[in-house]
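Biologist: Could we go through this one together? I'd like to start with the charged side chains.

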Amino acid sequence: MTARVNEAPHMAVRLLKVSSVATAVFASSGFYFYNKNVDFNDLSIVRFGRAAAATAVISYDYLTTLRDVQYGTEEYWAVKSKVHRRSAERLLDLCCANRGTFIKVGQHLGALDYLLPEEYTSTLKILHSRAPQSSMEEIRQVIREDLGKELSDLFIQFEEKPQGAASLAQVHKAVLPDGRTVAVKVQHPKVQRQSSKDIVVMEFLLQVVHWLFPDFAFMWLVEEAKKNMPLELDFLNEGRNAEKIADMLKQFKFLQIPKIHWDLSTKRILTMDFAEGGQVNDREYMRKHGINVNEISWNLGKIYSEMIFVNGFVHCDPHPGNVLVRKCPKSNKTEIVLLDHGLYQVLNQEFRLDYCRLWQSLIKGDMKGIERYSRRLSAGDLYPLFACVLTGRSWTSVNAGISQTPVTQSEDVEIRTNATLYLPQISELLNRVPRQMLLLLKTNDLLRGIETILQTRASSSSFISMSRCCTRAIARHKRNKTKSRTRRLQISLSERWSLCQIDLYELLLWIRSSTLARWICYLFYCLPYTN
């Protein structure tokens, strides 16, 4: 470590030279391409140079600013926080400039609330509203190339202003010749071509940063991008995912998945029924339309518990823009509309069952179970840290049982502080656990963010839903393993008894919280004294 500190000035000089070379490359390239009407953002050398320069400046800032400050002092943490903030803003600027895959990865980082310093996550969250827009001419060109017709031949109305723009695509509202209103998701034309090159650039630069700062081990992020980006860029895959999850969760009448129009869909275009609604984090919209936030939180928990613990097929991008809420015009019942089905994680059975048992242990505060199943999921001796990362709770709360302890502001501050202190260990943990876990951690953080905004975080109802699904999943697995009818009957009876216990617990919670129930108890208490 001392050697690294002593090398810091030399590293800083080298980084400054890299930055200067990148600038010179930009200048010389500019003269050459100026007269050729080439968009600079399309050039790999420009995108690489911009990323390399940003990486060099950020690394130089860390190496030189923290060099002369004593580690562990108040001054050190204050200075480091400022460096974090500056670096996050530079990273934000890079993502906005390079767009596409860079924005997608930046959005992923912004969702890792309990894995990265707050300065990074709060800054990068802006990327959800900073996505680029393609021009109308570019949209027409993609439709012409993929569907073989002009836009005006396919739709009698097509709104030029997109309903929303994301890192990989944008969505337009349109009307079909038969009068049906649809949403047309069109991929940004250059993303497909640039994505694989961008990932190579990120991989190279992360390796350089890891060489400079050995504690920084985020190669898992690039590995996930390599695996997932081709799937997210195939809109036919997204359509199939939408239909698959709609069938899996058809028992939830409150869940709506827009119907896909296959005759107007390709790898770069996805046409679906248009869905009205407000974003799940819009409390004002819910108040105005008489939507109960607790009901939304409860139903969202049911959906994701069923996906994760029972089906093992998980929608991994539940940021607020992809989860709409509304009142059904016909029934006046509250509905949840789930959008953007490009990114799903398929959990293998062994992983899913270990994950079920781990969550059962976390809810009960069963420390032996927490250690056992954390180790089975490859956390090793870092199982206490794994439990905290997974739940977003402190080790004290994990010990007590997370269903028994409410979330406090001081606990949130403690978690964020520890995320900075234990970043090397967190990096090691993320490189150690199964790849399936990484998207689940992202999903957990996004769902926690929604619950925090709705002020329903760590409510008992979410743990009840998880407990039910875990119980059903484990019982189903046991039944499938045995051929004995007697044993199957025993498993089913045990399952029913466990579910009855959960129902009784839920009833007890309702009695405690219900005003009507409190009045009934009060009347019963007063009856003996009325004679």
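Modeller: One term beforehand: buried means under 20% relative accessible area, exposed over 50%, and partly exposed in between, with a 1.4 Å probe and protein chains only. This is a predicted model, in which local features need pLDDT of at least 70 and side-chain atom pairs count only at pLDDT 80 or more, while totals for chains, interfaces and linings use all residues. Residues are numbered from 1 along each chain as its sequence is written, and side-chain values use heavy atoms, leaving out hydrogens and water.

Biologist: Is Asp 68 buried or exposed?

Modeller: Asp 68 counts as exposed because its relative accessibility is 65%, and its side chain meets that of Arg 67 in a salt bridge at 3.9 Å, N to O; the term requires a side-chain nitrogen of Lys or Arg within 4 Å of a carboxyl oxygen of Asp or Glu.

Biologist: And what does Arg 376 form a salt bridge with?

Modeller: With Asp 354, the closest N and O atoms being 2.8 Å apart. The pair links distant parts of the chain, Arg 376 in helix α14 (residues 367-376) and Asp 354 in helix α13, 22 residues apart; helices here are DSSP runs of H or I with at least four residues, numbered from the N terminus.

Biologist: How many residues of α13 are buried?

Modeller: The count is 12 of 16, so α13 is largely enclosed by the rest of the structure. Asp 354 is one of the buried residues, with a relative accessible area of 3%, whereas Arg 376 is partly exposed at 44% relative accessibility.

Conventions: Helices (H or I, at least four residues) and strands (E, at least two) are DSSP runs, numbered from the N terminus.
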